[in-house]
Amino acid sequence: MGFIDTHTHIDGEEFVEDLDAVVARAREAGAEALFVPGINEQSIASVRDVCGRFPGYCYGMIGLHPEDVKADYNEVLDRMYAELKANTKEWIAVGEVGLDYYWSREFEKEQLEAFERQVKWSIETRLPLMIHCRKAQNEMVKILRKYKEELPGGVFHCFTGNEIEAQELLEFERFCLGIGGVLTFKKSNLPQTLPAVVPLERIVLETDAPYMAPVPHRGERNESAYVVNVMEKMAECYQTTPEEVARITTENARRLFRV
């Protein structure tokens, strides 16, 4: 029952002590590959290091996360773009990029400009986007619509919205919704929302490890092996088998990221 965790931050300090064991548990649980997003300039090295330790199993992305967008974002993006252009084949996506106005709108304008600039990287390199969006769907969609026909595709990571928001995102035909632990939460609306409007062919699985651990691991450090819990809940929602969820979502991830 092979699956792909399309979003795991295993290059983070939370995994320094036992990374080998974490990856071993992921393999044992059925993970065929782990996709590791970048979040800033510093993470280029940490993502590269993890992917170098597990070649053909861990695949890296490069991007400036909205919460890492500060006043100097243009200089940072210049350097990251040079890295992307020099080693395009090394990366499977531009990400994790996007907009986040949950805590603050201090760098609202900078976030918009940084996101749009990285959207253009995706079009130029034909690498898909891994998009993070919190409290900013209207602004995100407005930017993406400008490039709708040119975009190679991507993932709306950690989707937790309602049916109307899901339908709006599904208008971007080459994109999938990334679904993780929130699906298993007691107060989540996803068990009703997803089967109503989102076909399994438009979903990829993810953890966002070390965050957002699914039930029954809530409050613990999340890890890729726990995708199994998400898969089981999704099978229940779609009235199918975990094997079928694994098969379809893995095909989606491989098609999208060309891995």
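**Exercise 1.** How much area does the protein chain expose, and what share of it do carbon and sulfur atoms supply?

*Solution.* Start with the ground rules. This is a predicted model, where local features need pLDDT of at least 70, side-chain atom pairs count only at pLDDT 80 or more, and totals for chains, interfaces and linings use all residues. Residues are numbered from 1 along each chain as its sequence is written, and side-chain values use heavy atoms, leaving out hydrogens and water. Now the surface: the protein chain exposes about 11400 Å² (Shrake-Rupley method, 1.4 Å probe). Carbon and sulfur atoms supply 49% of that area.

**Exercise 2.** Find out why the radius of gyration of the protein chain agrees with a compact globule.

*Solution.* First, take the rule, applied over C-alpha atoms: 2.2 Å times the number of residues to the power 0.38. Next, for 259 residues this puts a compact globule near 18 Å. Finally, the protein chain has 17 Å, so the two agree.

**Exercise 3.** Explore the largest nonpolar core and name the residues that touch the most other members.

*Solution.* Begin with the term: such a core joins buried Ala, Val, Leu, Ile, Met, Phe, Trp, Tyr and Cys residues through side-chain atoms within 4.5 Å, buried being under 20% relative accessible area with a 1.4 Å probe, protein chains only. The largest core has 76 residues, and Ile10 and Leu144 touch the most other members. Helix H8 (residues 227-237; a DSSP run of H or I, at least four residues, numbered from the N terminus) gives the most to this core, with seven residues. Apart from this core lies another, of 13 residues, including Ile4 and Met130.

Technical notes
Buried < 20%, exposed > 50% of the residue type's maximum accessible area, 1.4 Å probe, protein only. Helix = DSSP H or I, 4+ residues; strand = E, 2+ residues; numbered from the N terminus.
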